[in-house]
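Q: I would like to learn how to read a fold from its coordinates. Where should I begin?

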Amino acid sequence: MKIQNIKGGTDFLPKEQRIRNYINDTLKEIFIEYGYNPIETPILMYYDILSDKYDEENDILKEIYKLTDQGNRKLGLRYDLTVPFSKLIALNKNNIKLPFKRYEIAKVFRDGPVKVGRDREFTQCDVDVVGISGQMIEAEMLSLYVEAFKRLNIEIIIKYNSRQLMSGLIKECNIEEEKVSKVITIIDKLEKVTIDELKDYFREIEIEEEKIDKLLKYFTLSLDELNKEFAITNNENIIIGLEELNTLDDYLKALEIDDYCKFVSTLARGQDYYTGNVFEVYERNMKLSGSIGGGGRYDKIITNFISDGNIYPAVGISFGLSSIYELLKNDERFKSDSDVDIYVIPMNTKIESLKLANKLRNMGYKVELEMIDKKLKKSLDFANKEKIPYVIILGEDEIANNCFKVKDMFNNKEFEVSMNDLEVIKEYIEKE
């Protein structure tokens, strides 16, 4: 048997996991500040719920991990956290007061291509709101994005667009309704492929040359140009889409985050369940080619799940933890290999050292105790290698004298502490 991870599965050692924990903790802190509540949903779901909103050609269906249980029921592993959230609301509509704001940080699974920042098993960090229409909540979510990445010290650009506008522009080219979804999927590739390749994709679904030219004309216009081009129009999708985008644009300027945001008419995001504005976040200097976050409005999923005659507007954004980790893994802030503050080395004083370690922990310090009788030099080498800032060597003489010395490993200094006055340690370290 060859011991190995599956392709797209990753083990994270302590140094790596500390960075991931830092990302999680930073995001949780911001989610709570913005009024979001924690939830947890199952990894396993019925396959028909996961696949319900897609036609058979949609790429997402190819990436769902499929399995059956002992009752031969068709199941799947969740590929995002939006569908499970929608299912949760549908099941708990009588126990949840709207609007409901949630966050969830959990594993998702996609049997798709593996690249830097995208594994087959990865963690998503999502915030969603159900029960609020309009662009005010969308602007607040983009503000949350800006604040989150500021704290993570990552420079970003947020691309945004309207699915309504995209549908309207495609219909304006006299393309049949049944082809709109496929055309959107192709348009979304515009920033990733050449114009000739894009035209070939259109020809594959039998879009005429004059319609292709018209599509390329409309989907290269700026927001200002689109507003002028369609200042007078009967195309309802374009009217709604431009209104959504213009309103959002006004909010972004008012919040003074418009410098972080960029309208991109070709941005669709892959999922067909988006009904309004959509967003994707990229590292501004393209240190990663893929997105590090994304989301949008999806008013129909929960509405259709519940199907009680009411509308359940929803909007959400997601953070790609794996991608964010790739950007932070070499950051100077995480150069230390250990979270430990103080390393206690017993010299024939195991009981006394255990007691001292617990007292120091009760004072709020993270303390590791040497327990395998390493020689003193090896213990000190370990502390240096792990970049532990303080070391206490507790021998029989220290016990007899009721005091010990703390070695400051970074500054090559030491100070003496009485067993009866451990607060001196706190005072000294705080000064440092």
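A: The turns below go from the whole chain to one strand. The model is predicted.

Q: How many helices and strands are there in the protein chain?

A: The protein chain has 17 helices and 16 strands. Its radius of gyration is 28 Å, well over the 22 Å that the globule rule gives for 432 residues, so the chain is more spread out than a compact globule. The C-alpha trace spans about 90 × 55 × 50 Å along its principal axes.

Q: What share of the 432 residues counts as buried?

A: Buried means under 20% relative accessible area. By that cut-off, 51% of the 432 residues are buried. The chain exposes about 22,700 Å², of which carbon and sulfur atoms supply 47%.

Q: Why is strand S12 described as largely enclosed by the rest of the structure?

A: Burial is counted residue by residue. In S12, residues 342-346, 5 of the 5 residues are buried, so the strand is largely enclosed by the rest of the structure. Ile342, Val344 and Pro346 point one way, Tyr343 and Ile345 point the other way, and all are buried.

Q: Which strands do bridges join to S12?

A: Strand S14, residues 390-394, runs parallel to S12 and is joined to it by 5 bridges. Within that pairing, Val344 has Ile392 as its bridge partner. Strand S13, residues 367-369, is also parallel to S12, with 3 bridges between them. There, Tyr343 is partnered by Glu368.

Q: How does the chain cross from S12 to S13?

A: The path goes through helix H14, residues 350-362, and this β-α-β crossover is right-handed.

Technical notes:
Residues numbered from 1 in each chain as written. Predicted model: local features only at pLDDT ≥ 70, side-chain atom pairs only at ≥ 80, totals over all residues. Heavy atoms only, no water. Buried < 20%, exposed > 50% of the residue type's maximum accessible area, 1.4 Å probe, protein only. Helix = DSSP H or I, 4+ residues; strand = E, 2+ residues; numbered from the N terminus. Pairing = 2+ DSSP bridges. Right-handed = clockwise from strand over helix to strand, strands pointing away. Rg over C-alpha atoms; globule rule 2.2 N^0.38 Å. Areas by Shrake-Rupley, 256 points an atom, 1.4 Å probe, with all protein chains shown as cover.
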